[in-house]
Amino acid sequence: RIALLGQALRHCQADRGVLLVTPEHRMSLQLKSHEWRHDGQHGLRGRLRGLEQVPMYDFLDECDEILRHRFSLVYAVGATLPLSDGPLRWCTAQAILRILDQDSVVGQLLDREGVAVRAPGREVAEGFRGLRLQDGPALEAVKPLLYRRVVDVLFADPPYELQDLRVYTGDTHARRFAIEPVPSQMQDQQPHAALLAL
């Protein structure tokens, strides 16, 4: 592939042509060189350096389209690794957001003066209404009630992905464990993964 890239560049130079490449692809080529240096593949890196010496110019228009996330460079060195308990954490976050968005008792707590600002309107399909908690004494006074209510609702009717929480129904120790901060040394204990995700 390096030889083909070099051949295409030489052909363009000989014909006084122009090779158009998106900035993210050019940067990916540069990062590939760093990856090979890190892996000790100096021979391949040396061949790639020749391509990097070719004069290149960035042409950017004034459109904000180039700043969109789909045009940003995403390049990782090495193999991909899944996040620890990723799906469980995502389901937990969605379950908590659903309670904050739909539970009437939680809604009354959030509607107190100085606690939160909620986007007007009804629930959004496949999403949640905007919610911004306001830092201050009003929120601090409501936090314990909010935590307790969210945990009570979650334990009483967990979503399918969190059915393991039903094991802890009526267990006051487990509920306290879910409400209070978890010590860092307990973060990797698998038997309580559903609780730790809270």
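The exercises below work through the helix packing, cores and selected residues of a predicted model.

**Exercise 1. Overall layout**

Task: State how many helices and strands the chain has, and in what pattern they follow one another.

Solution:
- Start with the tally. The chain holds 8 helices and 2 strands.
- Now read along the sequence. The pattern is α-α-α-α-α-β-β-α-α-α.
- Turn to burial. Of the chain's 198 residues, 26% count as buried.
- Finish with contact range. Take contacts between residues at least 6 apart in sequence; 51% of them join residues at least 24 apart.

**Exercise 2. Helix 1 against helix 3**

Task: Classify the packing of helix 1 and helix 3 by angle, and list the residues that make the contact.

Solution:
- Two packed helices are described by the angle between their axes and the distance between the axes.
- Helix 1 covers 2-14, and helix 3 covers residues 42-52.
- Their axes come within 10 Å and cross at roughly 20°.
- Angles under 35 degrees count as roughly parallel. Helix 1 and helix 3 are therefore roughly parallel to each other.
- The crossing is left-handed.
- Helix 1 contributes I2, A3, L5, G6 and L9, while helix 3 contributes L44, R47, L48 and L51.
- Sort these residues by class. The contact of helix 1 with helix 3 has 7 nonpolar, 1 polar and 1 charged.

**Exercise 3. Helix 4 against helix 6**

Task: Give the crossing angle of helix 4 and helix 6, then the class make-up of their contact.

Solution:
- The two axes come within 10 Å, and the crossing angle is roughly 115°.
- The range 65 to 115 degrees counts as roughly perpendicular. So helix 4 is roughly perpendicular to helix 6.
- Helix 4 passes helix 6 in a right-handed crossing.
- On the helix 4 side stand A95, I96, I99 and L100; they meet V150, V153 and L154 in helix 6.
- By class, this contact has 7 nonpolar, no polar and no charged residues.
- Look at one residue of this contact. V153 lies in helix 6 and touches I99 and D103, leaving out residues up to four places away in sequence.
- V153 and D103 are 50 residues apart along the chain, with C-alpha atoms separated by 8.4 Å.

**Exercise 4. Helix 6 against helix 7**

Task: Decide whether helix 6 and helix 7 are oblique or parallel to each other, and name the residues of their contact.

Solution:
- Helix 6 spans residues 137-156 and helix 7 spans residues 172-179.
- They pack at an angle of about 125°, with their axes 10 Å apart. Helix 6 and helix 7 are therefore oblique to each other.
- Helix 6 passes helix 7 in a right-handed crossing.
- From helix 6 come Y147, R148, V151, D152 and F155; from helix 7 come A174, R175, A178 and I179.
- This contact of helix 6 with helix 7 divides into 6 nonpolar, no polar and 3 charged residues.

**Exercise 5. The nonpolar cores**

Task: Find which residues of the largest nonpolar core touch the most other members, and which helix gives the most to this core.

Solution:
- The largest nonpolar core has 21 residues, of which V106 and F155 touch the most other members.
- Helix 4 (86-102), helix 5 (104-110), helix 6 and helix 7 each supply at least two residues of this core.
- Helix 6 gives the most, with 7 residues.
- A second, separate core has 6 residues, among them I2, L9, L48 and V54.

**Exercise 6. Three single residues**

Task: Place A138, D157 and R16 in the chain, and say whether each is exposed or partly exposed.

Solution:
- A138 is in helix 6. Its relative accessible area is 26%, so A138 is partly exposed.
- Not counting residues up to four places away in sequence, A138 touches E113, G114 and V115. A138 and E113 are 25 residues apart in sequence, and 7.2 Å apart C-alpha to C-alpha.
- D157 sits in the loop between helix 6 and helix 7. Its relative accessible area is 57%, so D157 is exposed.
- D157 and T169 are 12 residues apart along the chain, and 9.9 Å separates their C-alpha atoms.
- R16 belongs to the loop between helix 1 and helix 2 (23-39). At 79% relative accessibility, R16 counts as exposed.
- Check the backbone of R16. Phi is near 55°, a positive value in a residue other than glycine.

Conventions. Residues numbered from 1 in each chain as written. Predicted model: local features only at pLDDT ≥ 70, side-chain atom pairs only at ≥ 80, totals over all residues. Heavy atoms only, no water. Axes fitted to C-alpha atoms, helices over the stretch in contact; angles between N-to-C directions. Helix = DSSP H or I, 4+ residues; strand = E, 2+ residues; numbered from the N terminus. Parallel < 35°, antiparallel > 145°, perpendicular 65-115°, else oblique. Left-handed = near helix turned anticlockwise from the far one by under 90°. Contact = heavy atoms within 4.5 Å. Nonpolar A, V, L, I, M, F, W, Y, C, P; charged D, E, K, R; others polar. Core = buried A, V, L, I, M, F, W, Y, C linked by side-chain atoms within 4.5 Å. Buried < 20%, exposed > 50% of the residue type's maximum accessible area, 1.4 Å probe, protein only.
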